[in-house]
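User: Can you walk me through the fold of one chain here? Short answers are fine.

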Protein chains: 4
Amino acid sequence: MAQLGLVGLGKMGFNMRERLRAAGHDVVGYDRNTEVGDVASLQELASALSAPRIVWVMVPAGEPTRQTIAELADLLDEGDLVIDGGNSRYTDDAHNAELLGRHGIGYLDVGVSGGVWGKDNGYGLMVGGSEADVERAMPFFDALRPEGPREESFAHAGGVGAGHYAKMVHNGIEYGLMQAYAEGFELLDASKVVQNVPAVVKAWQRGTVVRSWLLELLVRALDEDPELDDLEGYVEDSGEGRWTLEEAVNNAVPAPVISAALFARFSSRQEDSAAMRAVAALREQFGGHAVKTKKVSG
Amino acid sequence: MAQLGLVGLGKMGFNMRERLRAAGHDVVGYDRNTEVGDVASLQELASALSAPRIVWVMVPAGEPTRQTIAELADLLDEGDLVIDGGNSRYTDDAHNAELLGRHGIGYLDVGVSGGVWGKDNGYGLMVGGSEADVERAMPFFDALRPEGPREESFAHAGGVGAGHYAKMVHNGIEYGLMQAYAEGFELLDASKVVQNVPAVVKAWQRGTVVRSWLLELLVRALDEDPELDDLEGYVEDSGEGRWTLEEAVNNAVPAPVISAALFARFSSRQEDSAAMRAVAALREQFGGHAVKTKKVSG
Amino acid sequence: MAQLGLVGLGKMGFNMRERLRAAGHDVVGYDRNTEVGDVASLQELASALSAPRIVWVMVPAGEPTRQTIAELADLLDEGDLVIDGGNSRYTDDAHNAELLGRHGIGYLDVGVSGGVWGKDNGYGLMVGGSEADVERAMPFFDALRPEGPREESFAHAGGVGAGHYAKMVHNGIEYGLMQAYAEGFELLDASKVVQNVPAVVKAWQRGTVVRSWLLELLVRALDEDPELDDLEGYVEDSGEGRWTLEEAVNNAVPAPVISAALFARFSSRQEDSAAMRAVAALREQFGGHAVKTKKVSG
Amino acid sequence: MAQLGLVGLGKMGFNMRERLRAAGHDVVGYDRNTEVGDVASLQELASALSAPRIVWVMVPAGEPTRQTIAELADLLDEGDLVIDGGNSRYTDDAHNAELLGRHGIGYLDVGVSGGVWGKDNGYGLMVGGSEADVERAMPFFDALRPEGPREESFAHAGGVGAGHYAKMVHNGIEYGLMQAYAEGFELLDASKVVQNVPAVVKAWQRGTVVRSWLLELLVRALDEDPELDDLEGYVEDSGEGRWTLEEAVNNAVPAPVISAALFARFSSRQEDSAAMRAVAALREQFGGHAVKTKKVSG
């Protein structure tokens with residue numbers, strides 16, 4: 001069994017520490033919230049690990065990850081290895097690899113999929129970096145991924161950046177899949193031809209072409225709330241969908257479904273739409289069509 | 001100058017009577033609202049006209065138009081001519097023509113564009129029916145259309161149904177045009193890079209590639225309300241956009257822009273979206289992502 | 001074990017006969033192609049079954065199904081039951097039920113999902129009709145559906161039409177899911193950041209959020225042809241996607257993903273696009289932008 | 001009358017020189033192609049102008065423009081003014097302004113719309129920069145823009161970058177407008193209900209809601225080629241549409257129409273689509289649906 005430093009013990013990192021330990025690995029965890037960590041600082045983390053060290057970073061993408069990696073570049077030594085398992089943009093990876101490389105430290109970028117279910121089910125993993133670094137970290141990958149053939153939950157996607165790129169596209173697809181189910185659900189809900197919508201969705205779980213893990217989650221959600229009316233139709237987006245669309249544009253790849261899914265999220269968060277006010281204004285101008293004006297209290 | 005019966009004196013029909021009279025024609029108008037009509041019933045209308053009669057129907061599409069035409073089939077005589085100038089679905093036209101034809105009455109379907117501005121500017125006209133019937137009604141078409149070469153505001157589009165078909169596609173295009181301006185307006189509004197959005201839109205009126213009559217109307221609207229915030233972003237649709245999309249589907253014609261414009265209107269009218277509740281539910285299920293739950297008073 | 005007449009022994013019906021017989025049922029099959037059938041005519045089929053009979057129709061949707069049901073209305077007797085398991089439009093079901101009902105014959109509409117895999121895996125089933133008729137046919141439903149809890153592969157969706165409606169929406173969702181994977185695949189393929197695209201897709205099968213049966217089929221396809229370049233990007237559509245979009249429009253439900261998936265299929269079948277010729281023409285007109293003109297052989 | 005240096009005498013710059021001279025201005029033009037230029041180098045251009053100089057840059061966006069501006073920073077003097085009238089990305093403007101500012105040189109970014117028609121019709125202009133710099137350049141703006149009220153073809157959109165931002169959004173809208181007309185044209189063309197499609201499009205020029213300058217250009221194109229079949233449906237994109245979509249994403253503004261128009265162009269340039277090969281592969285896998293395989297010559 002092997003030793004791993006793990007930075008970031010939030011929803012994902014906390015569960016991953018559990019799964020790694022259950023597999024017999026020696027995990028030293030650090031988190032800004034020192035109550036959940038095993039050590040109180042990155043420095044302590046570095047000291048607690050035997051060289052050559054492997055440190056897995058699992059903190060929010062963007063500045064927090066870049067900052068953590070910059071600190072690790074100073075704290076770690078030649079021959080160590082840093083793994084970024086967060087949802088970083090793939091364009092960050094070259095910078096990270098180069099910075100760490102100047103200190104002789106290796107780098108892998110890993111896309112980790114599976115959400116809160118990963119602790120028990122295992123995580124799907126997509127990795128970018130050198131063959132040698134991938135081999136070094138393989139015991140941890142094997143512990144984190146689900147049972148079954150390695151190639152069904154793990155891929156060495158390519159060089160530095162390829163892991164996060166694969167994860168980005170994975171999430172773009174995820175946006176499209178979710179929106180496809182969502183449109184179907186709304187149509188069933190609105191049309192009233194099907195009297196028992198949750199029963200139909202539940203029956204799609206076996207034998208049908210649309211069966212999937214996301215569908216099973218939709219069944220779970222409908223079991224708890226058959227009309228989903230405890231929720232608001234308000235959906236955040238986390239960046240990966242936006243990056244996927246930007247990449248599609250950069251590569252001249254048509255992405256009508258992924259963009260539609262992203263725009264539906266944008267719309268869901270608007271209380272009022274400037275675009276639709278413009279359309280309403282135009283209709284009023286040319287046709288004298290009735291419009292809704294805002295109520296003004298006197 | 002010629003004589004015309006005009007059924008329906010609403011926003012469109014009323015103005016058209018004005019324009020036809022201004023051109024010297026003898027118009028006998030009828031409306032359910034007898035205060036605006038010249039006669040009190042369809043029967044009186046039929047009696048007031050000299051044979052061979054021409055009656056222009058300008059009532060709401062669907063049942064009202066079909067009903068009016070059925071009544072005219074009984075009241076008019078062989079050699080008369082009925083014109084449906086409303087926004088009827090083109091599939092109604094064959095029925096109308098056949099019904100009237102059994103009585104020896106001719107039929108033209110006319111798409112009329114121009115909205116409330118038509119009274120002064122004239123209306124664009126697209127006509128379906130026989131050459132002979134079109135010739136008979138030409139004095140009225142010439143009076144209704146704007147000045148300038150006839151072919152720039154009038155087309156004999158084809159046989160029965162072709163006029164309404166052309167108008168349907170015209171309106172589908174109109175949906176797309178409006179949404180294109182609207183998206184641009186919202187982006188200017190949201191991004192804050194341009195400090196004077198109404199001034200920019202106003203400056204697009206001459207010389208630019210995007211100049212159009214709709215743009216001029218947007219300028220008018222912004223003159224009255226520079227942020228368009230007296231309005232709600234709530235937009236009705238009247239059927240023509242839906243039919244255009246259905247026709248596109250029937251003809252296997254990709255219509256991503258027209259459909260997007262239509263769906264934006266649907267979304268604008270939803271207080272909450274079942275689809276987006278489903279997406280929110282899925283995100284909560286797999287990721288433990290925060291969602292908005294409905295406030296319960298208690 | 002029970003007796004069933006089965007009309008239509010094509011790709012679906014043939015396999016279903018196998019699965020029903022494997023479950024011990026007595027199936028009498030008829031097909032226009034008499035080589036695969038057990039009887040040579042619908043009349044023989046009716047004679048071969050003991051009253052009260054149950055006849056499952058599995059022929060192409062539209063005229064063939066309507067025709068078959070009209071013939072069965074004459075050949076069967078009061079107390080018999082007809083099941084339409086084809087991909088009929090749900091609006092046909094009320095007509096079928098009414099026609100058969102005049103002869104005292106019951107009717108169920110069943111959406112059957114699972115494709116060529118259903119013979120071994122079982123089929124997902126969505127049923128519309130009366131509770132009593134559903135109960136009568138339950139032994140066949142239980143034989144056709146996969147193992148596991150009944151409610152995970154079978155739903156009594158509602159009254160007549162609800163089964164086909166649920167299947168229609170299922171297929172609309174299917175269009176969206178496939179297009180989502182397809183866009184992601186194309187982006188991976190085009191961007192070249194990921195060096196081993198098939199390995200990444202394969203690794204999505206366990207643990208990830210996007211795992212599904214369709215994904216497993218994509219893995220199979222990539223195993224056989226890693227770049228999918230033995231195929232042309234030419235995709236038919238079978239009607240269900242079109243109907244889903246039409247229903248969405250009728251119910252004012254935004255369906256940007258399902259429509260985008262359908263339009264992508266339309267586009268895939270066009271050698272040249274009139275719309276894009278129009279855009280090219282416009283660009284040439286205003287900007288003198290270079291366009292591609294067709295080669296003319298001399 | 002005032003003196004202007006003009007760098008870049010391509011399709012746009014050449015015409016602008018004509019229009020500026022016709023208005024009485026003294027224009028010294030430079031182009032890499034010395035046959036069309038008045039001077040042979042940027043250095044000569046700088047020498048030929050009397051201080052304080054104004055130099056208008058009209059070269060391809062990106063590296064050529066950045067390079068030209070860097071050279072002008074060295075050649076010009078404090079108090080001079082550089083104007084970038086090309087289709088530069090607005091994010092370049094801050095860099096340009098800062099670089100020139102270090103030499104005491106002013107900077108304006110100008111979006112210029114109107115294409116090859118601008119020489120005779122005038123150009124629509126959107127300007128970013130300081131009030132004082134805008135005032136200095138106003139004689140040239142007034143010469144370039146169409147006749148009529150200044151505010152209908154000219155806007156001081158805001159600070160540095162706002163001119164190009166406004167032009168970017170203008171072009172995004174343009175993509176949407178063109179695609180809307182294009183979809184309508186294809187539907188008319190495909191459906192065959194309208195017998196004379198060019199006549200209908202021509203008749204939309206006066207009175208209708210969809211009348212616009214782009215429509216007039218479509219009429220011109222149809223006059224020359226009634227089915228537009230001398231052209232291929234192959235459409236380039238120049239960057240502005242991509243940037244608009246990226247800005248929409250950055251600002252969480254739904255842009256379904258603009259993105260659909262952009263994706264239609266991407267698709268128009270694909271001989272075969274990897275995405276649609278994936279969909280075809282999936283259909284073959286689950287349904288045994290017929291697919292098109294590539295012909296292999298023996």
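**Chain D: sheet and helix packing**

Analyst: Sure. Keep in mind that this is a predicted model. Start with strand β1 of chain D, residues 3-7: five bridges join β1(D) to β2(D), and the two run parallel.

User: Which residue stands opposite G5(D) in β2(D)?

Analyst: V28(D).

User: Now the whole sheet. What is the strand order in chain D, and is the sheet open or closed?

Analyst: It is open, with seven strands in chain D. The order is β2-β1-β3-β4-β5-β6-β7, with mixed pairing.

User: Which are the edge strands?

Analyst: β2 (26-30) and β7 (154-158) of chain D. Each pairs on one side only.

User: How are neighbouring strands turned against each other?

Analyst: By 25° on average, ignoring direction.

User: Which strands does helix α4 of chain D touch?

Analyst: α4(D), residues 91-102, packs on the sheet and touches β4 (81-84) and β5 (106-113) of chain D. The direction of α4(D) makes about 145° with that of β5(D).

User: Switching to helix on helix. At what angle do α1 and α6 of chain D pack?

Analyst: About 105°, with the axes 9 Å apart. α1(D) covers residues 11-22 and α6(D) residues 131-144.

User: So what do we call that, parallel or perpendicular?

Analyst: Roughly perpendicular. That label covers 65 to 115 degrees.

User: Which residues make the contact?

Analyst: From α1(D), M16(D), R19(D) and L20(D). From α6(D), F140(D), A143(D) and L144(D).

User: How many of the residues in that contact are nonpolar, polar and charged?

Analyst: Five are nonpolar, none polar, and one is charged.

Methods. Residues numbered from 1 in each chain as written. Chains lettered and ligands numbered in written order. Predicted model: local features only at pLDDT ≥ 70, side-chain atom pairs only at ≥ 80, totals over all residues. Heavy atoms only, no water. Pairing = 2+ DSSP bridges. Helix = DSSP H or I, 4+ residues; strand = E, 2+ residues; numbered from the N terminus. Axes fitted to C-alpha atoms, helices over the stretch in contact; angles between N-to-C directions. Contact = heavy atoms within 4.5 Å. Parallel < 35°, antiparallel > 145°, perpendicular 65-115°, else oblique. Nonpolar A, V, L, I, M, F, W, Y, C, P; charged D, E, K, R; others polar.
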